[in-house]
Amino acid sequence: MDEKYDVIVLGTGLKECVLSGVLSVAGKKVLHMDKLSYYGGESTSLTPLSSLFSHFKEECPEGKYSVRDWNVDLIPKFLMARGQLVKLLIHSGVTRYLEFKSVDGSYIYKGGKIFKVPANEKEALGSSLMGLFEKRRCAKLLKFCDEFDEANPATYNGFDETKTMRDVYTKFGLDKQTQDYCGHALALYREDSYLDKPCFETVNKIKLYTQSLGMYGKSPFLYPLYGLGELPQGFARLSAIYGGTYMLNKPFEGITVGENGEVTGVTSEGETARCDLVIADPSYFPEKAKVVGKVIRCICIMNHPLPNTNNALSSQIIIPQDQVGRKHDIYISCVSYSHNVAEKGYYIATVSTTVETDNPEKEIEVGFGLLGPVQKKFTSVCDIYEPLDDGSKSKVYISSSYDATTHFETTCDDIVDIYKRIMGKDFDFSQISQSIESVEM
């Protein structure tokens with residue numbers, strides 16, 4: 001370890017591994033360490049199934065399951081087909097290590113029932129979620145979003161940067177429930193503060209959803225075979241190809257700091273590796289992070305698909321906050337044996353939300369009630385951490401914890417933000433040499 005590195009990365013969660021890979025490609029000399037003995041950190045996939053039981057301090061029933069056929073995500077999420085993470089995968093070439101399948105469907109909860117999310121003109125007109133005239137109004141909004149180009153004012157339809165999304169909804173005459181699924185199921189907001197912010201961001205988010213849906217047809221989401229644990233390992237391989245050094249099961253004993261307050265090295269087992277900066281998940285520097293909330297996740301083993309999803313082998317359900325009198329949405333994701341994450345005939349569903357009360361399990365009851373019979377459930381409540389500062393003074397850059405959503409867009413926002421703080425410039429997605437359309441997922 002007695003070497004000088006440009007960057008030392010602590011923890012092998014997805015955020016840390018993406019940054020390690022991207023910075024290695026950019027020519028940085030990277031040392032990547034993890035105090036754990038496996039890749040993925042809190043975003044890992046556990047295998048065999050007995051590891052999941054052990055993680056929750058339970059005994060795996062002998063002979064009930066084929067334990068080696070399971071890869072269970074602790075924090076399940078889907079990838080938007082044209083989203084930032086897919087662009088990072090393509091830019092870095094990590095797609096060569098992974099294989100993806102399209103998620104079968106995305107649904108929204110309304111009035112005690114679930115409905116397939118209408119995400120284009122045809123689906124909006126055929127949906128039983130809305131009345132005839134509301135369908136037409138929604139179809140017009142989706143058409144506007146799909147044709148919107150921020151570089152071309154001719155597509156603004158009379159709006160500008162000063163108009164809020166509430167103004168847009170008002171102009172198109174959408175009722176509150178239609179606004180809910182446009183904002184929460186298409187733009188993927190977790191709460192309603194977006195309504196009074198400039199509209200262009202939301203319009204672009206809805207456009208991203210509809211364009212992602214157009215990639216593979218069934219839904220806008222993708223999921224990797226063998227689980228999300230494959231993603232950090234893919235970026236770890238990329239870093240290694242570009243000269244990055246990886247060390248698992250490496251205890252973290254602290255950092256050394258120069259007179260100017262900037263980090264100068266990381267110490268492990270009595271040795272110190274020198275560096276210019278450090279990237280880490282919050283578990284390495286709890287004193288540099290603050291708790292901003294909690295998230296509850298309930299992982300459920302089932303032998304059937306989610307009810308009322310047309311027997312989908314994979315699916316997502318979003319329960320908008322207003323439908324259940326909450327401040328934050330509730331999310332349900334489901335994957336199955338078709339993704340090589342469970343044995344034949346089995347499904348893994350996860351219910352999650354941001355905690356609002358001192359009884360988190362009661363908060364997800366409505367989501368749990370949509371699952372049907374459950375063979376086994378594992379529930380966790382975790383703190384959500386954010387860094388106390390931007391890392392510019394100490395050169396220690398801390399990532400944020402994973403939120404309750406079932407997609408990676410907020411995760412990627414944190415990745416590109418850290419990249420910008422380190423490199424002093426935005427990540428240039430235009431440098432992606434291959435078009436998304438040319439990559440077989």
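## A tour from Asp403 outward

Select aspartate 403 to start: with a relative accessible area of 9%, this residue counts as buried. One thing before you zoom in: what you have open is a predicted model.

**Stop 1: the partner of Asp403**

Keep aspartate 403 selected and add arginine 190. The two form a salt bridge, and their closest N and O atoms are 3.3 Å apart. Aspartate 403 sits in the loop between β19 (396–398) and α12, while arginine 190 sits in the loop between α7 (176–186) and α8 (199–216), so this pair ties together parts that are 213 residues apart in sequence. Buried, exposed or partly exposed: where does arginine 190 fall? Arginine 190 has a relative accessible area of 32%, so it goes down as partly exposed.

**Stop 2: Ser400 and its company**

Stay in the loop between β19 and α12 and pick serine 400, which has its place there too. Serine 400 is buried, at 17% relative accessibility. Now show what surrounds it. If you set aside neighbours within four places in sequence, serine 400 is in contact with Lys15, Tyr385, Glu386, Pro387 and Asp414. Hold on to two names from that list, Lys15 and Asp414, for the next stop.

**Stop 3: Lys15 and Asp414**

Select both side chains. Which atoms should you draw the distance between? Take the closest N and O atoms of lysine 15 and aspartate 414: they are 2.9 Å apart, and the two residues form a salt bridge. Colour the helices and you'll find lysine 15 in α1 (residues 14–25) and aspartate 414 in α12 (residues 409–423), so the pair links parts separated by 399 residues in sequence. Turn on a surface next. Lysine 15 counts as buried at 3% relative accessibility, and aspartate 414 counts as buried as well, at 11%.

**Stop 4: a pair with another setting**

Jump to lysine 362 and glutamate 365. They form a salt bridge whose closest N and O atoms are 3.7 Å apart. Here lysine 362 is exposed, at 52% relative accessibility, and glutamate 365 is partly exposed, at 48%. For something more branched, select Lys176, Asp180, Asp192 and Asp322: salt bridges with shared partners join them into one network. How many salt bridges does the count come to? It comes to 20.

**Stop 5: strand β7 and its two partners**

Switch to cartoon and select residues 105–110, strand β7. Five of its six residues are buried, so the strand is largely enclosed by the rest of the structure. Add residues 315–319 and you have strand β15, which runs parallel to β7 and is joined to it by four bridges. Look for tyrosine 107 here, standing opposite isoleucine 317 in β15.

Then add residues 113–116, strand β8: four bridges join it to β7 too, but the two run antiparallel. The residue to find is isoleucine 108, opposite phenylalanine 115 in β8. Follow the chain round the hairpin of β7 and β8, where two residues lie between the strands, and stop at glycine 111: it takes a positive phi near 60 degrees.

**Stop 6: a three-stranded sheet**

Now select β5, β9 and β6. They make an open sheet in the order β5-β9-β6, with antiparallel pairing. The edges are β5 (79–80) and β6 (100–102), each of which pairs on one side only. Strand β9 covers residues 221–224, and three bridges pair it with β6 in the antiparallel sense. Which residue in β9 stands opposite lysine 101? Tyrosine 223 does.

**Last stop: zoom out**

Show the whole chain. It holds twelve helices and 19 strands. Its C-alpha atoms fill a box of roughly 70 × 60 × 45 Å along the principal axes. The radius of gyration is 22 Å, which agrees with the value near 22 Å for a compact globule of 441 residues. Of those 441 residues, 55% count as buried. Among contacts with a separation of 6 or more, residues 24 or more positions apart account for 71%. The accessible surface comes to about 18,400 Å², and 47% of that belongs to carbon and sulfur atoms.

Finish by colouring on confidence. The mean pLDDT is 92, and 95% of the residues reach 70 or more. Select residues 432–439 to see a stretch where pLDDT is below 50; it has 15 contacts in the model beyond near neighbours in sequence.

How values were computed:
Residues numbered from 1 in each chain as written. Predicted model: local features only at pLDDT ≥ 70, side-chain atom pairs only at ≥ 80, totals over all residues. Heavy atoms only, no water. Pairing = 2+ DSSP bridges. Salt bridge = Lys/Arg side-chain N within 4 Å of Asp/Glu carboxyl O. Buried < 20%, exposed > 50% of the residue type's maximum accessible area, 1.4 Å probe, protein only. Contact = heavy atoms within 4.5 Å. pLDDT = per-residue confidence, 0-100. Rg over C-alpha atoms; globule rule 2.2 N^0.38 Å. Areas by Shrake-Rupley, 256 points an atom, 1.4 Å probe, with all protein chains shown as cover.
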